[in-house]
Amino acid sequence: MERSHLRLKKLTFAVFAISFLATSSPAQDTPAADLAVRYSPLYILKGYTIWMNGSSGSLAFNANHWFGVAGDFGVYHGYPSESLTGETYMVGPRFSYRKLDRLVPFAQALFGGSHFSASSGGITGGGNQFAFCLGGGGDIGLGSSRKLALRLEGDYFGIRSSGSTTPAARLSAGIVYRIGNK
């Protein structure tokens, strides 16, 4: 009885140690979070293309070396025939592949809302809509510490309004600051 109890303790300790080392070793290069700021033009693709200059920012928290949760906020402005301003605010899962030396590709699915308003002749009108974003990109590590990275990203946006979806595309380029380590 004593001998089997000792074996069980050793086996439990070995499983715990291997599990702990296996989960912590690949995460050495995984930041706890990252903060990104990007130039992000938005192209609304319904009827004729509306091009809007914009910027966006995101904050992502990494649960492990491949899964994280990202929040994204963007502001856009264009002049198709009048002044058009839009904001997007979304959150969702991000999946990263961290096995390459300097490049970290990722895919994400974000869900939230948008607010677009048009102004013509001093009159402003607009509304809130459901929005979603499917896309991804890659972070190219800069320097030896790789705390900073260049992010290139492409996303498909869907903006739901009055029972239909307006398609849009966003291409972004910016800088990422990686915070802490997992």
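By class, how many nonpolar, polar and charged residues are in the lining of the second largest pocket? Let's get to that after a look at the chain as a whole.

First, some ground rules. This is a predicted model, where local features need pLDDT of at least 70, side-chain atom pairs count only at pLDDT 80 or more, and totals for chains, interfaces and linings use all residues. Residues are numbered from 1 along each chain as its sequence is written, and side-chain values use heavy atoms, with hydrogens and water left out.

**The chain**

You'll find one helix and nine strands here, in the order α-β-β-β-β-β-β-β-β-β along the sequence. Helices (H or I, at least four residues) and strands (E, at least two) are DSSP runs, numbered from the N terminus. The chain has 182 residues, and 36% of them are buried (under 20% relative accessible area, using a 1.4 Å probe and protein chains only).

**A hairpin**

Strands β4 (residues 67–78) and β5 (residues 83–96) run antiparallel and pair over twelve bridges; two strands pair if DSSP finds at least two bridges between them. Four residues sit between β4 and β5 in this hairpin. One of the bridges links A70 to G92 in β5.

**A buried alanine**

A36 belongs to strand β1 (residues 33–39). It is buried, with a relative accessible area of 1%. Leaving aside neighbours within four places in sequence, A36 is in contact (heavy atoms within 4.5 Å) with S56, G57, S58, R151, I175 and V176. A36 and S56 are 20 residues apart in sequence, yet 8.2 Å apart in space, C-alpha to C-alpha.

**Two pockets**

A pocket is an open set of points on a 1 Å grid over the protein atoms alone, with protein on both sides within 12 Å along at least five of seven lines; lining residues have an atom within 4 Å of a point. A volume is the space filled by probe spheres set on the points.

| Pocket | Volume | Lining by class |
|---|---|---|
| Largest | about 330 Å³ | four nonpolar, six polar, seven charged residues |
| Second largest | about 210 Å³ | five nonpolar, four polar, one charged residues |

So there's the reply to the opening: five nonpolar, four polar and one charged. Here Ala, Val, Leu, Ile, Met, Phe, Trp, Tyr, Cys and Pro count as nonpolar, Asp, Glu, Lys and Arg as charged, and the others, Gly among them, as polar.

The largest pocket is lined by 17 residues, with D29, T30, S145, R146 and R178 nearest its centre. Residues lining the second largest pocket include I44, F116 and S161.

Note on methods
Buried means under 20% relative accessible area, exposed over 50%, partly exposed in between (1.4 Å probe, protein chains only). On a 1 Å grid over the protein atoms alone, a cavity is a set of points where a 1.4 Å probe fits but cannot get out, and a pocket is an open set with protein on both sides within 12 Å along at least five of seven lines; lining residues have an atom within 4 Å of a point.
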